[in-house]
Amino acid sequence: MPNTIDELIKQVEARQDELVQLLERLIRFPTPAPPARNTDEAQRFIASFLQDNGFTVDKWDVYPGDPNVAGVLKGSHPEHYKSLIVNGHIDVAEVSEDEAWEQGPFTPVVTDGVIIGRGAADMKGGMAGALFAVQLLHEAGIHLPGDLIFQSVIGEEVGEAGTLECCKRGYTADFAVVVDSSDLHIQGQGGVITGWITVKSSQTHHDATRKSMIHAGGKRFAASAIEKMMRIIQGLQELERHWAVMKSYPGYEPGTNTINPAVIEGGRHAAFIADECRLWITVHFYPNETYEQVAQEIEEHIRQVAAADVWLRENPPRFEWGGSSMIEDRGEIFPSLEVDPDHPGVQTLKRSHEGVLRMPAVVDVSPTVTDGGWFGHAGIPAAIYGPGDLHNAHSVNEQLSVRQLVDYTKVILKFIYEWGHTKK
Ligand SMILES: [Zn+2]
């Protein structure tokens with residue numbers, strides 16, 4: 001039986017077929033979101049996998065058919081040693097009928113050193129690697145002194161924050177690693193918040209009254225909500241440009257902080273003046289900003305824009321920020337995550353990567369968003385570190401190289417072991 005961590009790491013190489021099979025097993029559970037509400041079977045599999053490896057498992061419905069799983073492996077000396085959360089999402093990006101997959105999105109294929117299937121890169125690969133690491137530790141009879149918490153969450157692809165639900169339920173640790181696709185980089189992230197801006201008239205006017213509200217002598221104080229929304233969109237563009245000029249963050253191209261007018265809805269019928277217009281925006285911000293802060297900046301700027309317009313001044317726009325699901329209430333929040341390169345968790349992860357792979361570790365920022373921000377939001381130091389790259393995430397024939405999966409599993413095994421043996 002391997003009794004040192006180095007021997008255990010060699011086991012990953014020797015037993016890589018088992019690791020690949022575990023990933024194939026996870027891919028076979030069809031857990032696309034949307035439509036979501038389809039993760040129960042996969043989560044039952046993960047719950048029993050964790051139980052088999054010594055964890056006490058907590059499983060609860062976030063939505064019917066979409067339960068979270070959190071397993072706790074109590075350390076032998078938890079009061080003296082560091083605790084760790086390993087977090088991943090079990091849902092995968094949606095697939096459509098007409099996509100030309102090698103075999104079908106949920107029928108994994110291993111060919112030419114890659115595993116093809118929905119979720120291979122985002123992020124069942126990271127889940128399989130971390131689960132396999134847990135299994136190897138258990139089989140070797142290694143009992144960590146620090147607590148280990150494994151979270152398999154739902155809803156990430158549709159802005160349903162399974163991870164936030166874990167935080168709300170009280171799960172916390174000295175460090176969290178989100179095993180989402182980062183191509184083995186150690187990453188922080190910017191954030192995203194969606195919002196609705198609504199312009200609404202208190203009165204509804206017939207189409208034939210337009211002339212009296214826009215021409216001299218008409219004496220009707222009224223406006224089209226659609227036309228007034230144009231002012232607001234211009235205001236958003238001005239602010240977006242101002243942000244691009246004034247704000248920056250290392251690792252991001254200037255102007256990555258954008259305000260996207262994504263969806264517009266308005267008017268009721270061609271026989272009326274539009275009395276309501278709603279704009280759905282997506283705001284990207286930097287790791288050192290919060291969603292509360294950027295939402296406030298937008299509101300303040302747009303209030304000034306409205307104050308400079310005679311009609312909007314009397315009929316100010318309304319703002320609704322965020323939401324807890326893109327499919328239930330058309331809104332989402334991904335808080336940002338700033339990674340402190342000097343944090344002992346990041347340092348240990350870096351050393352594990354460099355020691356195992358004999359390659360420098362890259363600490364940078366993700367060009368996308370993950371659940372990592374919820375840890376930042378909860379005050380839990382965290383980093384994203386997973387296999388798979390973003391070219392593959394959400395793509396047809398999504399794939400992950402077996403080599404990278406094996407490398408990843410070795411590093412995460414070493415890291416879980418080292419961090420669990422780090423004194424508080
Ligand atoms: Zn992901």
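**Chatting through the helix packing**

Visitor: Hi! At what angle do helix 7 and helix 8 pack?
Guide: Happy to help! This is a predicted model, and in it helix 7 (residues 225-246) packs on helix 8 (residues 291-307) at about 130°, with the axes 10 Å apart.

Visitor: What do you call that arrangement of helix 7 and helix 8?
Guide: Helix 7 and helix 8 are oblique to each other. The crossing of helix 7 past helix 8 is right-handed.

Visitor: Which residues meet there, helix 7 against helix 8?
Guide: Helix 7 brings Arg-231, Ile-232, Gly-235 and Leu-239, and these meet Ile-298, His-301, Ile-302 and Val-305 of helix 8. Sorted by class, that contact has 5 nonpolar, 2 polar and 1 charged residues.

Visitor: Which UniProt domain annotation covers residues 213-308?
Guide: An unreviewed UniProt entry labels that span "domain: Peptidase M20 dimerisation". As for its makeup, residues 213-308 are 43% helix and 19% strand, and the C-alpha atoms at the two ends lie 18 Å apart.

Visitor: Switching over: how do the axes of helix 2 and helix 12 cross?
Guide: Helix 2 (residues 16-28) and helix 12 (residues 402-420) have axes that come within 11 Å and cross at roughly 105°. Angles from 65 to 115 degrees count as roughly perpendicular, so helix 2 is roughly perpendicular to helix 12.

Visitor: And which residues make the contact between helix 2 and helix 12?
Guide: From helix 2 you have Gln-16, Leu-19, Val-20 and Leu-23, meeting Val-402, Leu-405, Val-406 and Thr-409 in helix 12. That contact of helix 2 with helix 12 divides into 6 nonpolar and 2 polar residues, with no charged ones.

Visitor: Nice. Now Thr-209: where does it lie?
Guide: Thr-209 is in the loop between strand 9 (191-200) and helix 6 (210-214).

Visitor: What does Thr-209 touch, leaving out residues up to four places away in sequence?
Guide: On that basis, Thr-209 touches Arg-220 and Ile-273. Thr-209 has 14 other C-beta atoms within 10 Å, so it is partly exposed.

Visitor: How far is Thr-209 from His-343, C-alpha to C-alpha?
Guide: Those C-alpha atoms are separated by 65 Å, and the two residues are 134 apart along the chain.

Visitor: What box do the C-alpha atoms of the protein fill?
Guide: Roughly 95 × 45 × 35 Å, taken along the principal axes. The protein has 12 helices and 16 strands, and 46% of its 424 residues are buried.

Visitor: Last one! Of contacts between residues at least 6 apart in sequence, what share joins residues at least 24 apart?
Guide: That share is 79% for the protein.

How values were computed:
Residues are numbered from 1 along each chain as its sequence is written. This is a predicted model: local features need pLDDT of at least 70, side-chain atom pairs count only at pLDDT 80 or more; totals for chains, interfaces and linings use all residues. Axes are lines fitted to C-alpha atoms, for helices over the stretch in contact, and angles run from 0 to 180 degrees between N-to-C directions. Helices (H or I, at least four residues) and strands (E, at least two) are DSSP runs, numbered from the N terminus. Angles under 35 degrees count as roughly parallel, over 145 as roughly antiparallel, 65 to 115 as roughly perpendicular and the rest as oblique. A crossing is left-handed if the near helix is turned anticlockwise from the far one by less than a right angle, and right-handed if clockwise. Two residues are in contact if their C-beta atoms, placed from the backbone, lie within 7 Å. Ala, Val, Leu, Ile, Met, Phe, Trp, Tyr, Cys and Pro count as nonpolar, Asp, Glu, Lys and Arg as charged, and the others, Gly among them, as polar. UniProt positions are given in the numbering used here, feature names are shortened, and annotations may be inferred rather than shown by experiment. A residue is buried if 20 or more other C-beta atoms lie within 10 Å of its own, exposed if 12 or fewer, and partly exposed in between; C-beta atoms are placed from the backbone.
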